Every structure is written in structure tokens, then in C-alpha cells.
Amino acid sequence: MADRRGFILANTRLQHPSHCPEIALHLADEVTPIWRMTEEALGELGLPPPFWAFAWAGGQALARYLLDHPEEAMGKRVVDFATGSGVVAIAVMKAGALSVLANDVDGFCRDAVGLNAAVNGVEVDFTDRDLLDAPPPEADLILAGDICYEKPLAERVEAWLRAAHAAGARVLIGDPGRSYFPRTGLIQLAEYEVPTSRDLEDQEIKRTGVWTVA
């Protein structure tokens, strides 16, 4: 698609996620219409959902935790894995991080994150490389929200995050109890009741935790 920024602006509206209203994001109201329009615009069926167009519960919880605990981010080099809309990357910069590298393999995310970072007055670097294909990059803090949708991916991400922890990085994970979220080897730091939509989730309120690797 030649003009992904234009597509995003035409099919979303500026909103403030319920659990981190300090942040403004270009978000869609419903998942099915923008999913269908994305497939039509790209001429491809069976695409993954447009994760970049929504503020998911795990990302909102992680963003809330960082905004409330800026000492986690202050002066640190950060990687935000599977950034989606960029809500967590934006939160960590608002909390005082030195820099953040937002990462996502979805081709729309570069433009979505760029638009969202600009409206929040922060600078966010971006890469669409699959970071799981290599050892974790050097960073003080690695963040991951809502990454346990599918078993194979969840297992790869867990191993990668544990490798980052072993290399000395602080790892924070936001998750609302997805099926493939690991149940051992983690320490819960916070829990939130995150309002969401039945269009996205099975409940209107998702009990969502923020965890670190033990």
C-alpha cells in the first residue's frame, strides 16, 4: 500500500485509552470493519488482526505501570517488543526513558507508531525486523504486552525474554491471562482491572497483570 499513513488517518480516530488517558492514539472503534478494509487495501485474505489499531489490555496495563512507576524507565535504553499501536513505547518515553526501540513485524505499525508518537510529543525509534531470529538486543529494559495469543509464538517469546533477563535486562510483561501465558518463573508486580470492548475480548473488564522474570 502506497499510503499507509493516509489509510490509518482515514479509518481511525484520535482516542485516549481508558486505562492510560494521558496517552492519545489513532484507534479504530471496531475490529471487523478495519480488518476487512486492510485485507481489501492489500489485496490479501487471511491476514492477522490489525493489532496496531487497538489498545489491548496487556499493553494498557504495562503503560499504566510505567507511568505510575517512572523509576522503572528513567534514563534507560528500552525495547518494546510487538509494539502494536506503540502505547507502551510512548508510555516509557513519557516516564523518562533515554530511548525506546519499538518493534513489530506488521507493516502498518511503523506508520501507526510514528503518528501516535508525534501526537504525544515523544520520539520513538522503530524496526520491523523479527527480533526473535537473533539474541535480544542490548537494552536496560525490555517490554512485551499481549504476546501470548498463540502457543508457538508464546514459547519463542518466553525463551527470548528469559535470554534477555539472563543477559542483564529488566523484563516487564503485560498480560490479561491469555491461554499460553507462562504460569511459572514470573513475579507479579501489579494487577489492574482494564476496561475493554466485547468486540476485542470475552469480557468488558479484563483483570490484567504486569510481571517480571524471576
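This passage describes the strand arrangement and the aromatic contacts of the structure shown above, which is a predicted model.

The strands are considered before the side chains. An open sheet is formed by 7 strands, which follow one another in the order β5-β4-β3-β6-β7-β9-β8, and the pairing within this sheet is mixed. The edges are occupied by β5 (125-127) and β8 (186-195), each of which pairs on one side only. From one strand to the next, the twist averages 20°. Helix α4, made up of residues 87-94, packs on the sheet and touches β3, β4 (99-103) and β6, while the direction of this helix makes about 180° with that of β4.

Within the sheet, the pairing of β7 with the strands on its two sides can be followed residue by residue. Strand β7 spans residues 170-175, and because 5 of its 6 residues are buried, this strand is largely enclosed by the rest of the structure. With β6, strand β7 pairs in the parallel sense over 5 bridges. Along this pairing, I142 stands opposite V171 in β7, and A144 stands opposite I173 in β7. The connection between the two parallel strands runs from β6 through α6 to β7, and this β-α-β crossover is right-handed. With strand β9 (residues 205-213), in contrast, β7 runs antiparallel, and the two are joined by 4 bridges. The bridge partner of D175 in β9 is G209, and that of L172 in β9 is T212.

Strand β9 also pairs with β8, here in the antiparallel sense and over 9 bridges. Residue G209 of β9, already named as the bridge partner of D175, is also the bridge partner of E191. Of the 9 residues of β9, 7 are buried, so that β9, too, is largely enclosed by the rest of the structure. One residue of the edge strand β8 may serve as an example of its surroundings, namely L189, which lies in this strand. With a relative accessible area of 32%, L189 is partly exposed, because this value falls between the 20% under which a residue counts as buried and the 50% over which a residue counts as exposed. When residues up to four places away in sequence are not counted, L189 touches Y65, E72, R170, L172, V210, W211 and T212. For one of these contacts, that with V210, the C-alpha atoms are separated by 5.6 Å, although the two residues are 21 residues apart along the chain.

The aromatic side chains are considered next. Where ring centres within 6.5 Å are taken as a pair, the count comes to 8 aromatic pairs. In one of them, the rings of W56 and Y149 have their centres 6.0 Å apart and their planes at 80°, and the pair is therefore edge-to-face, since planes over 60 degrees apart are classed in this way. This pair links distant parts of the chain, as W56 is located in the loop between α2 (31-42) and α3 (57-68), whereas Y149 is located in the loop between β6 (141-145) and α6 (151-166), 93 residues apart. The two partners differ in their accessibility, for W56 counts as buried at 12% relative accessibility, while Y149 counts as partly exposed at 31%. Both residues also belong to a cluster in which ring pairs link F51, F54, W56 and Y149.

A further pair is formed by F81 and W160, whose ring centres are 5.2 Å apart and whose planes meet at 40°, so that the pair is tilted, this angle being neither under 30 degrees nor over 60. Because F81 lies in strand β3 (residues 77-81) and W160 in helix α6, the pair ties together parts that are 79 residues apart in sequence. F81 is buried, with a relative accessible area of 6%, and W160 likewise counts as buried, at 5% relative accessibility.

Finally, a charged side chain is placed over an aromatic ring, as R4 lies over the face of F108, at 4.9 Å from the ring centre.

Note on methods:
Residues numbered from 1 in each chain as written. Predicted model: local features only at pLDDT ≥ 70, side-chain atom pairs only at ≥ 80, totals over all residues. Heavy atoms only, no water. Buried < 20%, exposed > 50% of the residue type's maximum accessible area, 1.4 Å probe, protein only. Lys NZ or Arg CZ within 6 Å of the ring centre and 35° of its normal. Pairing = 2+ DSSP bridges. Right-handed = clockwise from strand over helix to strand, strands pointing away. Axes fitted to C-alpha atoms, helices over the stretch in contact; angles between N-to-C directions. Contact = heavy atoms within 4.5 Å.
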